[in-house]
Amino acid sequence: MYLISSIQYPVSSIQYPAQPPVMGMSFPGLVGFKNIARAFFCTSKYLTMLPLTFRSSKILFIIARRLNLQKRASRFLMAKQLAKCIAINTFIVVFLLAGNTDELHAQVQIRGIVRDANEKPVSNANIVLLNAGDSSGLINTMANEVGIYVFNNVAIGDYAIKLTAIGFEQKYSPVFSVVSAEDDINIGIIILQVKLQQLNEVIVKAKKPLFEQKVDRTVINVKSSITSAGTTALDVLERSPGVVVNRQNSTISMGGKDGVVVMINGKINYMPIDAVVQLLAGINSANIEKIELITTPPANFDAEGNAGFINIVLINNPDMGMNGSVSLTLGYGKGERSSSGTHFNYRKNKFNLYGDYSFSLETMDQFFGFFRRVDLHGKLVENVSGSNRDTKQRNHLARLGFDYQLNKKTILGGLVSMYDNKWSMDAVNNNSIRLNGMPDTSMRIINDEINQWTHYMANINAQHTFNADEKLSANIDYLYYHDNNPVNYLNSFFDKQGIPLFNEQTRSGKITPIHIWVGTVDYSKKIGKKIRMEAGTKASSSRFRNNVLIEKRVQDEWIKDPDLSAAYILNEEIGAAYSSFNINPGSKTEVKAGLRYEYTSSNLGTTKTKDIVDRRFGKLFPSLFVSHKLNKNHSVGFSYSRRITRPTFNDMAPFVLFIDPNTFFSGNPALKPSIADAVTADYTYKRYLLSLSYSYNKDAIARFQTKVDPATNKQTFAAENLGNMKTFSATFSIPFTVTSWWSMQNNIITIWQQVNSSYSNKAFSIDQKTIRINASQSFTFPGGIDVELSGFYQTAAMFGTAKLNAYGMLNAGLQKKIGKGKIRFGVDDILNSFKLETASYIPEQNLDTRSYFKFIQRTYKLTYTRSFGNDKLKEKRNRSTGSEEERGRVN
């Protein structure tokens, strides 16, 4: 048996890099120390927000103390590191401002940009400056050819802006305030929506493509996709560019790298990856607006996530009144498949109430296969296993939230959510052992398993807007998870002639409650015309208990296995602080520089053995983003970031899941965090994108890596640290409009990966080249009929130390609009080609294994969706500067 040894880890020493001297540096407009002192004097009054950041730390200290974490609260403050973090950024800004200090004393100026839904400028749009008190028009102007408008010499007061243009819906800006004669207010980009034109009950509306490629992210427009109807968030991700989902191992990788962090409406889900996969499998695509694959997150995002972030944006309607939609799906694919969902939004005056609910039930026949070959004391032993699995997954998911505008500058919000996901399985597993090519023994294992995750979450948040350029926001979250995972085994053994030898009964149980508290405070302020500062702090506390029980039946009595049974307890606290600056040196250039510090304290033990793992470490995570627009059609970008991937709770807390008596899955408490450095360069021509990226990942975490003990012929799947992993990728985004009724989107990702690690204390190196192609074709035919074809193909790729063979999928869908409803028919995996095959082959180290997983089958599905409420109400005129941003943050 694979036994977990107790290991005591020393406390990591924390070393902070010394601040380098400034030597040989020159800046335009910077002449001697006189200008430096002048710049510092001019910006000093804008640095008065720094105490707010320290007050944010104090707030988190109080939260930590209330959570009985007073002994560890001092770790969260990290005042010295926070001061250093902000000081470095401030030092940079002082130099950048030194040659431009006169701009800080300009007259009041209000400016902004108006664009359409395709992010193209709306030239000659009519812009009116309104008095917020009575909505009377004060000043009129027009947007220029690039969509920019400016109001000069505006008096102190409260204002709003009305934007109109031929063919577009009228739009209002939030209310903003001019509080001094030195204000410089940037309204930002306002998007005008194309006006719906109703002719004989036919609505003409532009349709978003399935895939949209942007510089820092890929957007999958789920709501407008025909083939996505009747699916789940997990199904959509499996078909997304650069994303690989392994349902058996509960892993999600992006761009060839593990360590993906999943967010819902911009909020991170602090849950084990197993629960994340179950959550995604329970989210009905009818409730999803879009999914964003963010590969280069900025400093205000958590440093967690080597591969980046996946943000699932659920549908929220900004109209006043009551509106929403309902959907129903029926399908079949070697098992029944059904789902339903609804979402609603009620908005009146200062109050907004929203919510959604989804249900899904899916039955599926699955097949797993395993093979391994090992030289055991001069004899060649081969194991062949096959598992026929009858699975069922039932999911409930619900959310309810509100926003309330306390006054024109303060908004209070709350959100509660829950899900109950139950996965069950009955399986028949056949295993045979061959010795030197001849049959030896065999066994049959009949087992049943339940894996049920329950989750509750409560959030309260507030945002205060001091003026148009300054705001403070805070969030407090409590999350509770509970997993119940019982498994029963009936093992029957046979000799080489197939004659029964004996039977054996075993069972395992795993009960896992998780409690998580999270508090965040974020502050932003504009400094002059060209700089915006952001700073914030965060504290999180997690308590995880993993009760593992392994028993064997002996003469009608269940006997506990003391070596594999234990109650594991994991306590983890993370404190973080960040600051970043958005700098616009010119109209065509944007720079964002950030620095984040995170401190982690993690302790794992059992009720009998303390401090199996006891780690405390702090890390700095810098990030830099530079973008420059060469001209109307050409732009370039560059980014650098450092990320961390921490071991998941389930990866660290040991557990045992048997495939057969010689093959099982387990946890690994010896896992270390992984640090990755990545650089990216982008070139954009109109809607076409070329992106090049390189990353170096030290101690990369690879989940469910195989190890075979030659002395016992036992195979274990567990997460392991690799020595390092190097990844180079090139992404091409190529959209085409063939005709007025035919458009296509093509994404091509090429990846080269190299893994340098060791197996049985022997070093090895393997590399792999991979190409993944995602394509979607959209057709519009007379009679209101739309057709969509989508699919992907991926060549062989890396899976830790194993190689994943080529695979792909082709889907098709047809849609017809009927009144307020839409009926969609789709076929998933038309060629029945979605299967995962992995292989680990290092013969010189006696490692030769292969695995085969068939999770899904060709599926036919019929979906009906209908909207309700008054969907022709115009968008509400928002009279508070923070409400739209808050809705984007909470909803």
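Contacts across long sequence distances dominate this predicted model. Among contacts with a separation of 6 or more, 68% join residues 24 or more positions apart. The fold contains eight helices and 50 strands. Of the 891 residues in the protein, 54% are buried. The accessible surface comes to about 39100 Å². Carbon and sulfur atoms hold 58% of that surface.

## Confidence

The mean pLDDT of the protein is 78. A value of 70 or more is reached by 77% of the residues. Strand β29 (residues 557–560) has the highest confidence, at a mean of 94. Helix α8 (residues 883–890) has the lowest, at 24. Two stretches call for care in reading. Over residues 198–206 the pLDDT is below 50, and this stretch has eight contacts beyond near neighbours in sequence. Residues 872–891 also stay under 50. For residues 872–891 the model has 71 contacts beyond four places in sequence.

## Nonpolar cores

In soluble globular proteins, nonpolar side chains tend to be buried together. Here the largest nonpolar core has 45 residues. L280, I291, I310 and I312 have the most contacts inside it. A second, separate core has 21 residues, including V154, I161, V178 and I185.

What does I291 touch beyond four places in sequence? Its partners are T218, V219, I220, V222, A233, V236, L237, I310, N311 and I312. So I291 contacts two others of the residues with the most contacts in the core, I310 and I312. The neighbouring entry, E292, lies in strand β17 (residues 288–294). E292 counts as buried because its relative accessible area is 10%, under the 20% limit. Beyond four places in sequence, E292 touches R217, T218, V219, F309, I310, N311 and V313.

F621 is another buried residue, at 3% relative accessibility. F621 is found in strand β32 (residues 613–629). I675 is 54 residues from F621 along the chain. Their C-alpha atoms are separated by 9.7 Å.

## Salt bridges

Side chains of opposite charge can pair when their charged atoms come close. The model has 22 salt bridges. The table gives examples.

| Pair | Closest N to O distance |
|---|---|
| R111 and D184 | 3.3 Å |
| R373 and E382 | 3.0 Å |
| D483 and K510 | 3.2 Å |

The bridge between R111 and D184 links distant parts of the chain, 73 residues apart. R111 sits in strand β1 (residues 109–116). D184 sits in strand β8 (residues 184–192). Both R111 and D184 are buried.

Where do D483 and K510 lie? D483 is in strand β25 (residues 470–484), and K510 is in strand β27 (residues 500–527). The pair therefore ties together parts that are 27 residues apart in sequence. D483 is buried, with a relative accessible area of 1%. K510 counts as buried too, at 10% relative accessibility.

R373, E382 and D848 belong to one network, joined by salt bridges that share partners. Are R373 and E382 buried or partly exposed? R373 is partly exposed, because its relative accessible area of 27% falls between the 20% and 50% limits. E382, at 14% relative accessibility, counts as buried.

## A nonpolar surface patch

Some nonpolar side chains lie on the surface. L624, F638, V679, L692, Y694, Y696 and F728 form a nonpolar patch there. Together these residues have about 540 Å² of accessible area.

Which element gives the largest share of the patch? Strand β37 (residues 688–698) does, with three residues. L692 is found in strand β37. Its relative accessible area is 35%, and L692 is partly exposed. Patch residues must have over 30% relative accessible area, so L692 passes that cut-off at 35%.

Notes. Residues are numbered from 1 along each chain as its sequence is written. This is a predicted model: local features need pLDDT of at least 70, side-chain atom pairs count only at pLDDT 80 or more; totals for chains, interfaces and linings use all residues. Side-chain values use heavy atoms; hydrogens and water are left out. Patches are made of residues with over 30% relative accessible area and no salt bridge: like charges are joined within 9 Å, nonpolar side chains (Val, Leu, Ile, Met, Phe, Trp, Tyr) within 5 Å. Accessible areas come from the Shrake-Rupley method with a 1.4 Å probe; for residues, only the protein chains shown count as cover. A salt bridge is a side-chain nitrogen of Lys or Arg within 4 Å of a carboxyl oxygen of Asp or Glu. Helices (H or I, at least four residues) and strands (E, at least two) are DSSP runs, numbered from the N terminus. Buried means under 20% relative accessible area, exposed over 50%, partly exposed in between (1.4 Å probe, protein chains only). A nonpolar core is a set of buried Ala, Val, Leu, Ile, Met, Phe, Trp, Tyr and Cys residues joined through side-chain atoms within 4.5 Å. Contact means heavy atoms within 4.5 Å. pLDDT is the predictor's confidence in each residue, from 0 to 100.
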